[in-house]
Amino acid sequence: MTTIRREVLTLPAAPLGPDNPLPPLRPLDEAHRIDDRDRAGLPRDMARQIDYEPLRSLLPAQVRDGYGRGREPRALDALVIENDRLRATVLPALGGRIASLHHKPTDRELLYVNPVLQPANFALNGAWFSGGIEWNIGATGHTTLSCSPVQAACVPAPDGGRMLRLWEWERLRDLPFQVDLWLPEGSDFLYVGARIRNPHERPAPTYWWSNIAVPENRRVLAPADEAWLPHSPKGVGGTPIGYERRLRRVPVPEYGGVDRTYPLNSTYAADYFYEVPDDRRRWIAALDEDGHGLVQTSTDLLRGRKLFVWGTGPGGRRWQEWLTEPGTGGYCEIQAGLVRTQLEHVKLEAESEVSWLEAYGPLTASPEGDWHTVLRRAEDRLEAALPRADVDAAYDAWRACADTEPGERLATGSGWGALEVLRTGWKLPGTPFAEDTLGEEQRPWLHLLRAGSLPEPEHHEPPGGTLVARPWRDMLETAAATPSAEYHLGVAQWHGGDRAQAVRSWERGLKSATDRWPLLRCLAVADQEDGHGERAADRYAEAFDDLCARRTDGAEKGDGRWVAVTAALGREAIGALLAAGRGADARTVWDRLDPATRARGRYRLIEAELLAAEGRSEDARAVFDEGFEVADLREGADGIGLLWARLDDAPLPARYDFRMWPDGE
C-alpha cells in the first residue's frame with residue numbers, strides 16, 4: 001500500500017537569508033515582447049495569449065536576494081510518498097518541489113537530483129534552485145514560490161489509499177492552486193492532479209509549466225515535427241530577458257544541420273516549444289543511450305511541451321557549475337504547460353477553475369533511428385505501460401476527490417491565503433486556508449481589515465510588504481492618512497498604474513513622517529523612472545542619511561532586518577549617485593555599509609564600479625584579481641563583462657564568464 005511519511009534530507013545548503021525589504025517598484029526587466037514581423041505568422045490563439053496581461057510588476061512579492069554561496073550541511077524537511085515501485089521525495093518548504101523520483105525495481109533515479117541547495121537569481125523574485133520537478137504558476141518565469149513553503153496534508157486517494165496534497169496562494173495573480181500526488185498500488189507512475197481556481201468576480205490571467213530536470217546526456221522525445229524557437233540579437237536563455245524577441249518555427253529533430261533533440265548537440269542555451277498536433281497524445285520523454293529514462297504524460301488540457309538546454313558553450317557550462325558543484329553532471333529541462341510557449345497567459349474566467357492530470361514514470365524504448373520510427377516505438381511502449389484512456393480515467397477519479405477536505409497537516413505555508421479568505425469569505429473546498437497560519441507579515445493587514453487602520457511600525461522598524469490588489473487599495477484610501485498608510489497606498493497606486501497619485505501619497509506621508517527614508521526611496525524611484533536622475537540622486541542620498549540615523553536610534557547593528565535594508569538601499573543609492581556623476585557622495589554611502597555587506601560578492605562588484613568611476617582603474621582591476629562571486633547574478637546580465645572591458649583588453653576570465661551568447665552577436 002502507498003505510504004506517506006516525514007523524512008529529513010540533509011544537503012550542503014546556502015542559507016536563503018532575508019528578503020529585500022524595499023518594494024520592487026521598477027517594471028520587470030523580463031517583460032516579453034514579440035517582434036511585429038513574427039506576429040502575422042502566429043496561430044490566432046497563440047497571438048492572443050501572448051498579448052494577454054503579461055506580468056509587469058513583482059508586487060506584492062518581495063525580492064529574495066539575501067542568499068550567499070557559502071554552503072553548510074542543512075536538514076530539510078521532506079515528505080516521502082512511496083509504493084512498491086516508486087518513491088517520490090517532496091520538499092514542502094521549497095515550493096513543493098519533487099526532489100527525487102526513484103524507480104525501485106530498476107534502482108534508477110528518474111530525475112536530475114541536485115546534490116546541493118544553492119539559490120540563484122532565476123525565479124521571478126530571485127531565489128531559485130535547480131533539480132527535480134517544480135510547479136511554476138503565476139507568470140512567465142520560475143515561480144515566486146520556488147523557495148517558499150506550501151501547505152501539505154494527507155487526503156484519501158481515488159483508489160482508497162493515501163494522497164499527498166500541496167496547496168498555496170499564488171500572490172502575483174491572487175489565485176489558489178493545489179497539486180495532489182498519489183501512487184496507486186503496483187503502479188510505475190506517479191499521478192499528479194493539479195487545479196488552479198479563480199474565485200474572483202473577474203477573469204484572471206493564469207500560467208502553468210511543470211518543469212522537470214533530467215540529466216542532459218539524453219535524447220528528448222516529444223510527438224512533434226516542429227518547434228517554436230524564441231531567439232534574439234543576444235541569443236536565447238532559459239528565461240526571457242527584456243529585449244525584443246523573435247519567434248519562429250523550426251523543424252524537429254534537425255535544425256541548422258544538427259539534431260537538437262540531443263541537448264549536448266547545442267552550443268548555446270535554447271528553448272524549444274514543441275508544436276504537438278491537436279490529435280496526438282501529450283507526452284515528453286528523456287532517454288539515455290540504452291533507452292532508459294523518464295516519461296511525462298497528461299490529459300490533453302496540458303498541451304505544451306518544451307525542451308530547455310544550457311548548451312556546451314563556456315557560459316552554459318559556467319551556469320551549470322554555478323547551480324551545483326563542478327563534476328556532478330549537467331542537466332536539461334523537459335516541461336509541460338497549459339499553452340504552446342511560456343510567453344503566453346491563459347484567461348481564467350470569473351469563479352471558474354482549470355484542472356488536469358499528469359503522470360511521471362519510467363520508459364524504456366530505443367532513442368536511436370529515424371525520428372518518426374523512434375516516436376512510434378516510444379509511444380507504443382508508453383501506451384502499453386500507461387494507456388491514454390487510463391490517464392483520462394484517473395483524472396475523472398481524481399476529480400471526485402479534489403474537494404475532499406485534507407486530514408493531518410504535514411506542512412504549513414504562508415498566511416496570505418488565510419487573509420484573503422477572511423477578507424472575502426470564499427469557500428474553497430479541499431484547500432483550507434486556516435486562521436492559525438496567519439503570521440507577523442499579515443498582522444498589520446489583519447488590523448486594517450478588522451479595525452480600518454494600518455498600525456505604524458514599532459521602534460523605527462522597516463515597513464513590511466505591501467498588498468496592492470484593488471480591495472486592499474480601497475481600504476487604504478479610506479484609512480487614516482498616517483505616514484505608514486500613505487506609504488503603502490502609494491505603492492498600491494504605483495502598482496495600479498496611477499503614478500502621479502502615488503507620488504502625491506508619498507509626498508503627503510513625508511510631511512509628518514518620523515522615518516522618512518521609505519517614502520524618500522519611493523520618490524527617488526519615481527524620479528528615476530521619469531528621467532530626473534539628479535533629483536533621484538538627491539533623494540537617495542537623503543534617504544540613506546535618514547536610514548542611518550533611524551538605525552542608530554532604533555536598532556542594534558546586528559539586527560538582520562537593518563543590515564538587509566541598509567544593504568538594499570545603499571546599493572540603489574550608490575547606483576543612482578554614480579549615474580549622476582557624484583562619485584564622492586557614492587563613496588560616502590559605501591563607507592557606511594556594514595563590513596560584512598561590503599565583503600559580499602555583489603558589493604565587491606559595486607566597489608570595483610566605484611573605483612573605476614573615481615579613476616582608480618588599477619584598484620578596480622585588483623578587485624577582479626582578488627576574486628568575487630555575485631551570488632544573485634541574473635541570467636543575461638552583462639555588467640561584469642562590461643566593467644571588465646573598461647579595465648582590461650584581455651579576454652574576460654572564465655570564472656566571470658556567464659555569457660549565454662557568442663561574442664559579436
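Which order do the nine strands of the open sheet have? I looked this up before anything else, and the order is β15-β21-β22-β26-β12-β11-β10-β9-β27, with antiparallel pairing. A note on terms: strands (E, at least two residues) and helices (H or I, at least four) are DSSP runs numbered from the N terminus, and two strands pair if DSSP finds at least two bridges between them.

**Ground rules**

I am working with a predicted model, in which local features need pLDDT of at least 70, side-chain atom pairs count only at pLDDT 80 or more, and totals for chains, interfaces and linings use all residues. Residues are numbered from 1 along each chain as its sequence is written, and side-chain values use heavy atoms, with hydrogens and water left out.

**The sheet**

I checked the edges next: they are β15 (219-221) and β27 (409-411), each of which pairs on one side only. Neighbouring strands of this sheet are turned by 20° against each other on average, direction ignored. For angles, axes are lines fitted to C-alpha atoms, for helices over the stretch in contact, and values run from 0 to 180 degrees between N-to-C directions.

I then followed single pairs. Strand β22 (residues 292-298) runs antiparallel to β26, and seven bridges join them. There, Q296 has Y360 of β26 as its bridge partner.

**Strand β11**

β10 and β11 are antiparallel too, pairing over seven bridges, and R165 stands opposite D180 in β11. With β12, β11 shares six bridges, again antiparallel; here Q178 has R195 of β12 as its bridge partner.

Is β11 mostly covered or uncovered? I found eight of its eight residues buried, where buried means under 20% relative accessible area, exposed over 50% and partly exposed in between (1.4 Å probe, protein chains only). L175, F177, V179 and L181 point one way, while P176, Q178, D180 and W182 point the other way. In a regular strand the side chains alternate between the two faces of the sheet.

**A helix across the sheet**

I looked for what lies over these strands and found α5 (residues 388-399). This helix lies across β10, β11, β12 (190-198), β22 and β26, running at about 135° to β26; contact here means heavy atoms within 4.5 Å.

**Backbone oddities**

The hairpin of β10 and β11 has four residues between the strands, and D174 there takes a positive phi near 55°. D174 is not a glycine, and at 14% relative accessibility this residue counts as buried. E53, in the loop between α2 and β2, has a phi near 45°, also positive in a residue other than glycine. At 42% relative accessibility, E53 counts as partly exposed.

I also noted cis peptide bonds. One joins L59 and P60, with omega about 10°, and P60 lies in the loop between α2 (44-51) and β2 (72-82). Another joins V252 and P253, omega again about 10°; P253 lies in the loop between β17 (246-251) and β18 (254-255).

**Cores**

Which residues touch the most other members of the largest nonpolar core? Of its 86 residues, they are W135, L181, W208 and Y274. Such a core is a set of buried Ala, Val, Leu, Ile, Met, Phe, Trp, Tyr and Cys residues joined through side-chain atoms within 4.5 Å. Strand β26 (residues 352-364) gives the most to this core, with six residues. Apart from it lies another core, of 43 residues, including A586 and Y603.

**Helix α14**

In α14 (residues 583-591), I found G583, A586, R587, V589 and W590 buried. Seen down the axis, these buried residues fall within an arc of 160° (taken from the directions from the helix axis to the C-beta atoms), so they line one face of the helix.
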